[in-house]
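Please read the following briefing alongside the sequence and the coordinates, which are shown directly below. The notes that follow are grouped by topic.

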Amino acid sequence: MGGARKHTMRTISDTKTDLKGLTPREVDRFCVENLGQRPGQGTRVSVWLYRKKTGDIEAMDGLNRPFREQLKGRCTISSLPVEKQSTSEDGTKKLLYRLSDGNTVEGVLIPGPGRLTLCVSSQVGCASGCGFCLTGSGGLVRNLAVPELVNQVFAAQGVSKLPITNIVLMGAGEPLGNYAAVRSFVEIATDRNGMGLSPRKVTISTCGLAPMIEKLADDGVDVSLAASLNATTDGVRDRIMPVNKTWPIARLMQALQYYCGRTGRTVTIEYVLFKDVNDSPDDARRLMELLKDLPCMINILLFNPFPGCSYERPDEQRAFVMRDMLVLSGSVAVVRMSRGRDIHAACGQLRAAVSHT
């Protein structure tokens with residue numbers, strides 16, 4: 001926890017602390033230790049900031065004026081501009097955020113029955129280098145700081161008439177590769193004095209950093225977990241997901257079993273189909289065997305091509321054949337149709353890092 005606190009307590013100047021870099025507990029501690037307030041006063045600040053989405057300290061009129069003046073003297077509240085937005089024919093909205101250093105990241109608002117899901121990026125670029133993902137084609141530029149994660153939610157909510165009900169860390173980057181910041185963000189998102197979302201409505205998606213999956217369980221981070229598997233043999237997964245050379249399938253399965261046993265939760269297995277690569281009935285049978293003892297549900301997706309990629313999208317029927325085989329074996333499996341393909345907002349299509357400094 002100490003590492004996460006050190007990360008989130010970073011200041012954006014020599015004197016002012018960005019409140020959006022602090023969890024509700026850290027806001028309260030900051031107000032006690034730095035402003036001489038009694039415990040609980042900082043909680044009121046968190047509610048104004050995260051629940052009421054108040055971006056101006058002066059507008060927190062439920063706080064007395066001397067307290068507001070103290071906050072203005074020692075704190076700031078950052079924001080993140082939406083530089084561009086595109087709307088798909090299916091209602092999906094892609095957002096381009098401009099960061100303070102000139103880099104950009106993208107996010108996606110995905111409407112559904114009774115819900116609005118925001119896809120959040122955790123890094124500028126990505127080091128994972130998956131062959132089917134555009135984001136990683138330029139490598140990792142840097143991790144996003146806690147305020148940059150939080151501000152994606154504020155910025156997206158600002159362009160939406162409906163409230164954001166679900167958050168998925170499935171945008172640019174590997175969330176578990178930015179562990180401290182992502183952990184703090186999850187706490188902000190799920191704390192009742194933060195954004196107040198149910199942990200079941202906040203999902204971290206990983207390419208398979210096995211030790212970090214185990215750390216997530218050991219640290220008791222209350223969040224939903226999805227793991228990108230995408231192959232049933234190490235030979236294929238080595239080729240499409242270089243992370244497999246470090247943590248092969250057996251090691252990933254070991255980490256997921258540990259996570260489920262330690263947390264009592266199920267996990268979501270993401271399996272993207274590529275034409276003539278991992279979409280055969282034999283793949284389905286191997287997938288059954290791999291997952292037979294893992295408490296999980298399986299999301300089957302079809303690859304979303306982009307220019308210069310060597311993989312192809314298979315026929316949709318292959319996805320339903322695989323789903324039916326898995327369901328007959330007793331697995332919980334669904335075919336997920338991609339949203340926002342026409343505006344390049346679907347899985348794997350978010351842009352690589354762009355900088356204009």
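K53 is found in the loop between α3 (41-51) and α4 (65-74), in a model that is predicted. The backbone of K53 has a phi near 55°, a positive value in a residue other than glycine, and the side chain of K53 has its charged end over the ring of F154, 5.4 Å from the ring centre. The points below begin with this loop and the helices around it, and then turn to other parts of the chain.

**K53, F154 and helix α3**

- With a relative accessibility of 31%, K53 counts as partly exposed, because buried is reserved for values under 20% and exposed for values over 50%.
- A lysine elsewhere in the chain also addresses this ring: K20 lies over the face of F154, at 3.8 Å from the ring centre.
- Helix α3, which is followed by K53 with its positive phi, has Q41, G42, V45, S46, W48, L49 and Y50 as its buried residues.
- These buried residues of α3 pack against four helices, namely α2 (24-35), α4, α5 (146-158) and α6 (179-190).

**Helices α2 and α4**

- The axes of α2 and α4 are 12 Å apart and meet at an angle of about 90°, which makes α2 roughly perpendicular to α4.
- On the α2 side the contact is made by F30, C31, N34 and L35, and on the α4 side by F67, Q70, L71 and R74.

**Helices α7 and α9**

- Helix α7 (residues 210-218) packs with α9 at an angle of about 5°, the two axes being 9 Å apart, so that α7 is roughly parallel to α9.
- The residues of α7 that take part are A210, P211, I213, E214, L216, A217 and D218, and they meet R251, L252, A255, L256, Y258, Y259, R262 and T263 of α9.

**Helix α10 and its buried face**

- Which residues of helix α10 (residues 281-291) are buried? They are D283, A284, L287 and L291, and because they fall within an arc of 100° when seen down the axis of α10, they line one face of the helix.
- The spacing along such a helix bears on this: an α-helix has 3.6 residues a turn, so residues three or four places apart point the same way.
- The partners of the buried residues of α10 are two helices and two strands, with α9 (249-263) and α11 (316-328) on the one hand and β12 (267-273) and β13 (296-302) on the other.

**An aromatic cluster**

- A search of the whole structure finds three aromatic pairs, and one of them, formed by F274 and F303, is tilted, with 5.2 Å from centre to centre and 50° between the planes.
- Because F274 lies in the loop between β12 and α10, whereas F303 lies in the loop between β13 and α11, this pair ties together parts that are 29 residues apart in sequence.
- The rings of F303 and Y311 have their centres 6.4 Å apart and their planes at 80°, so this pair is edge-to-face.
- Ring pairs thus link F274, F303 and Y311 into a cluster.
- Is the cluster made of buried or exposed residues? F274 counts as buried at 0% relative accessibility, F303 counts as buried at 1%, and Y311 is buried as well, with a relative accessible area of 12%.

**N230 and strand β10**

- N230, found in the loop between β11 (224-228) and α8 (234-240), has a positive phi of about 70° although it is not a glycine.
- At 0% relative accessibility N230 counts as buried, whereas K53, which likewise has a positive phi, counts as partly exposed at 31%.
- T203 has its place in strand β10 (residues 202-206), and at 14% relative accessibility T203 counts as buried, since this value is under the 20% cut-off.
- Leaving aside neighbours within four places in sequence, T203 is in contact with I167, V168, L169 and M170, and also with V223, S224, L225 and A226.

How values were computed
Residues are numbered from 1 along each chain as its sequence is written. Side-chain values use heavy atoms; hydrogens and water are left out. Buried means under 20% relative accessible area, exposed over 50%, partly exposed in between (1.4 Å probe, protein chains only). The arc is that of the directions from the helix axis to the C-beta atoms. Contact means heavy atoms within 4.5 Å. Rings of Phe, Tyr and Trp (its six-membered ring) pair if their centres lie within 6.5 Å; planes under 30 degrees apart count as stacked, over 60 as edge-to-face and the rest as tilted. A charge sits over a ring if NZ of Lys or CZ of Arg is within 6 Å of the ring centre and within 35 degrees of the ring normal. Axes are lines fitted to C-alpha atoms, for helices over the stretch in contact, and angles run from 0 to 180 degrees between N-to-C directions. Angles under 35 degrees count as roughly parallel, over 145 as roughly antiparallel, 65 to 115 as roughly perpendicular and the rest as oblique.
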